[in-house]
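User: Hello! I am new to this structure and would like to know how its descriptions are justified. Could you take me through the reasoning?

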Amino acid sequence: MEKVVLVNPNDEVLGQMDKMQAHENGLLHRAFSVFLFNDQGEMLLQKRASEKYHSPNQWTNACCSHPRLNESYLEGAIRRTKEELGIDCELTEKFRFIYKADVGNGLWEHELDYVFVGNFSGEFDLNLDEVSEIRYVSIADLQKEITANPEHFTAWFKIIWAEYRSQLN
């Protein structure tokens, strides 16, 4: 079973826990989120695979996951972007923040989240166990979609997207 790194709000390691148990108990743990854009400034969205244990078939940002113990946030983000999307690209840390989101079925995402951005316009090799489809969308169209159909998007993506937009101002 995959483990997450439990931390306090100052990012000091408290230990490790099975991912499912941490999500059931809503415990703060390390995470990262990757936002990818193409050369036209459109954002890459991935649709989570139908087999995912929470938030299946919902749209979210390019990649989200958890760094392993003794793995940096950036190393984890690069690793998971390769594992999920089959790509290598340069990522830059944009900001970090703490959020808590109810993802349904008694599960919570409570994360110290490092948000990375990158640009990529090449070919993908999707891991279909993780991602059922991808698409690029303009920022304006994305905001319209989230407003019109918020249920189509993961709970955490809506929070991270709002934080990302506030960081631009």
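Analyst: Gladly! Helices are DSSP runs of H or I with at least four residues, and strands are runs of E with at least two, numbered from the N terminus. Counted that way, the protein chain has 4 helices and 9 strands. Their order from the N terminus is β-β-α-β-β-β-β-α-β-β-β-α-α. Please keep in mind that this is a predicted model.

User: What makes the size of the protein chain agree with that of a compact globule?

Analyst: A compact globule of 169 residues would have a radius of gyration near 15 Å, and the protein chain has 15 Å, so the two agree. Along the principal axes, its C-alpha atoms fill a box of roughly 40 × 35 × 30 Å. Of the 169 residues, 47% count as buried.

User: Why are S1 and S2 called a pair of strands?

Analyst: Pairing needs at least two bridges, and S1 (residues 3–7) and S2 (residues 13–18) are joined by 5, so they qualify. The two strands run antiparallel, and Lys-3 stands opposite Asp-18 in S2. Their hairpin has 5 residues between the strands, and Asp-11 there takes a positive phi near 65°.

User: Where else is there a positive phi in a residue other than glycine?

Analyst: Asn-70 is one of them, with phi near 65°. Asn-70 is found in the loop between strand S6 (63–65) and helix H2 (73–85). Asn-105 also has a positive phi, of about 55°, and is not a glycine; Asn-105 lies in the loop between S7 and S8. These values deserve a mention because most residues other than glycine have a negative phi.

User: How do you know whether Asn-70 and Asn-105 are buried or exposed?

Analyst: Exposed means over 50% relative accessible area. Asn-70 has 74%, so Asn-70 is exposed. Asn-105 has 73%, so Asn-105 is exposed too.

User: And Gln-46: is that residue buried or exposed?

Analyst: The cut-off for buried is under 20%. Gln-46 has a relative accessible area of 3%, so Gln-46 is buried. Gln-46 has its place in strand S4, and its side chain makes a polar contact with the side chain of Glu-84 at 2.8 Å. What makes this a polar contact is that the N or O atoms must lie within 3.5 Å, and 2.8 Å satisfies that limit. Among the residues that Gln-46 touches are Trp-59, Cys-63, Glu-130 and Val-131.

User: Why are Cys-63 and Cys-64 not called a disulfide?

Analyst: A disulfide needs two cysteine sulfur atoms within 2.5 Å. The sulfur of Cys-64 is 6.7 Å from the closest cysteine sulfur, in Cys-63, so the two are too far apart for a bond. The count therefore comes to 0 disulfides. Cys-63 has a relative accessible area of 0%, so Cys-63 is buried.

User: What makes a group of residues a nonpolar core?

Analyst: The members are buried residues of certain kinds, including Leu, Met, Phe and Trp, joined through side-chain atoms within 4.5 Å. The largest such core has 22 residues, and Phe-35, Met-43, Leu-45, Leu-142, Phe-157 and Trp-161 have the most contacts inside it. Strands S3 (29–37), S4 (43–48), S7 (92–104) and S8 (107–119), with helices H3 (139–148) and H4 (155–168), each supply at least two residues of this core. A second, separate core has 20 residues, including Tyr-73, Ile-87, Phe-120 and Val-131.

User: Which residues does Met-43 touch?

Analyst: Among them are Phe-35, Leu-142, Phe-157 and Trp-161, not counting residues up to four places away in sequence.

Key
Residues numbered from 1 in each chain as written. Predicted model: local features only at pLDDT ≥ 70, side-chain atom pairs only at ≥ 80, totals over all residues. Heavy atoms only, no water. Buried < 20%, exposed > 50% of the residue type's maximum accessible area, 1.4 Å probe, protein only. Contact = heavy atoms within 4.5 Å. Polar contact = N/O pair within 3.5 Å; in protein donor to acceptor, adjacent residues only side chain to side chain. Rg over C-alpha atoms; globule rule 2.2 N^0.38 Å.
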